[in-house]
Amino acid sequence: MNEGTISLNRRGLLAGALTGGAAVAAAGGLSLTAGSAEAAAPLAGAPMAGALRRKVGAFEVTALLDGYLQLGPELIIGLDDAEAAKLRKAAFVEGTALTGPVSAYLVNTGDKLVLIDAGTSDKMGPTLGHLGKALEAAGVTPDQIDAVLITHMHPDHLFGVLTPAGGKAFQNAELILPETDNTFWYDDANMNAAPEQFKPFFLGARAAADAYKSAQSMFTGAKEIVPGITAKPMPGHTPGHTGYVIESGGERLIIAADVVHASVYQFAKPDWAIGFDIDPAMAVSARKAFFDEAAADRVMFAGMHIPFPGFGHVVKDGEGYRFVSADWPYTF
């Protein structure tokens, strides 16, 4: 073995531990016996802020956790109770509600800091609205963000562009929106036809977008937004629901937005929709088409509601699909 190389075979590890311990004891050194510590470390009481970074070519992509929400079975369109119970049991889920993240993704291209979605601010309760803590953990301030790309204008993706007081959360950023979604949410006929509980979605989306009128742009179709980041239309969940393809140095990652809401169900049962889908049938078609594409291309993707940090691959599994979480980015 070369000097400085560590060998982790079982015999060597045990021998080293035993002889090392004996040497320390013989020298009157530290003994890790009960009661030797002066005081126990206090419990933290809260999880660490969610921020995990990985490379895509020359780019850095950081998953940022805004918080979590819970989805009851009543929100799943097409759910079969017996099949859902089997899937929850297989996933070690107790009870009938699923807990899922609300995430955003920060892309550092080397020239630009681009935030894809912005979380919720204080608009959806205490388990959400923690994007600022995640950004801080990632070493980034809101004022450093150059652009905020929105996948669609639902509250858990757009409302975080505002502070709780209603001002701009990202003072130096351009807000970039899919035009089809913007048209839908600004249409009074659509708002008046929506169920009463969804009308605040329309008003909130308009307030968030209006705050950036002086620094706002829109796009349609599969347009390159900034070098290396291209829009990928995935309509159904909302009319302008959009993913983003990130490409650098021959590597590719697709931010697939809300192609999945309930991972426990929708990989195995992609035909199950969610009550927030504006066009459930189209959303199902978009999900299945994306799964087929991602499986065939073996491309890594991430989703805002896939268990944090949301990076992984999808493979065909019988009549459904299976999500394979990406390995931890071990490089320091």
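Rings of Phe, Tyr and Trp (its six-membered ring) count as a pair if their centres lie within 6.5 Å. By this criterion, a search of the whole structure, a predicted model, finds 13 aromatic pairs. One of them joins Tyr105 and Phe311. Its geometry is edge-to-face, with 5.6 Å centre to centre and 65 degrees between the planes. Tyr105 belongs to strand 4 and Phe311 to strand 15 (residues 311–317), so the pair ties together parts that are 206 residues apart in sequence. Both rings fall under the 20% limit for buried residues: Tyr105 has 0% relative accessibility, and Phe311 has 4%. Phe311 also has a charged neighbour, as Arg54 lies over its face at 5.3 Å from the ring centre.

A further edge-to-face pair is formed by Phe290 and Phe301, at 5.2 Å centre to centre and 85 degrees between the planes. Phe290 lies in helix 9 (residues 280–297) and Phe301 in strand 14 (residues 300–302), 11 residues apart. Phe290 is buried at 3% relative accessibility. Phe301 is buried at 0%. Ring pairs link these two with Phe267, Phe291, Tyr321 and Phe323 into a cluster. Tyr321 carries a charge over its ring: the charged end of Lys316 sits 4.6 Å from the centre.

The chain as a whole has nine helices and 16 strands. Of its 332 residues, 43% count as buried. Among contacts with a separation of 6 or more, 69% join residues 24 or more positions apart. The exposed area is about 17100 Å², and carbon and sulfur atoms supply 56% of it.

In soluble globular proteins, nonpolar side chains tend to be buried together. The largest nonpolar core here has 34 residues. Leu115, Val148, Leu158, Val161 and Phe170 have the most contacts inside it. Elements that give two or more residues to this core include strand 4 (98–108), strand 5 (113–116) and helix 3 (131–137). Helix 7 supplies the largest share, five residues. Val148 touches Leu115, Val161 and Phe170, among others. Its contacts also include Ala118, Ala173 and Ile176. Apart from this core lies another, of 25 residues, among them Ala63, Met300, Ala302 and Met304.

Thr109 is found in the loop between strand 4 and strand 5. This residue is buried, at 14% relative accessibility. A polar atom of the Thr109 side chain lies 3.2 Å from the backbone nitrogen of Asp111. For the backbone nitrogen of Lys112, the corresponding distance is 3.0 Å. Beyond four places in sequence, Thr109 touches Phe59, Pro227 and Ile229.

Key. Residues are numbered from 1 along each chain as its sequence is written. This is a predicted model: local features need pLDDT of at least 70, side-chain atom pairs count only at pLDDT 80 or more; totals for chains, interfaces and linings use all residues. Side-chain values use heavy atoms; hydrogens and water are left out. A nonpolar core is a set of buried Ala, Val, Leu, Ile, Met, Phe, Trp, Tyr and Cys residues joined through side-chain atoms within 4.5 Å. Buried means under 20% relative accessible area, exposed over 50%, partly exposed in between (1.4 Å probe, protein chains only). Helices (H or I, at least four residues) and strands (E, at least two) are DSSP runs, numbered from the N terminus. Contact means heavy atoms within 4.5 Å. A polar contact is a pair of N or O atoms within 3.5 Å; within protein, one must be able to donate a hydrogen and the other to accept it, and residues adjacent in sequence count only if both atoms are side-chain atoms. Accessible areas come from the Shrake-Rupley method with a 1.4 Å probe; for residues, only the protein chains shown count as cover. Rings of Phe, Tyr and Trp (its six-membered ring) pair if their centres lie within 6.5 Å; planes under 30 degrees apart count as stacked, over 60 as edge-to-face and the rest as tilted. A charge sits over a ring if NZ of Lys or CZ of Arg is within 6 Å of the ring centre and within 35 degrees of the ring normal.
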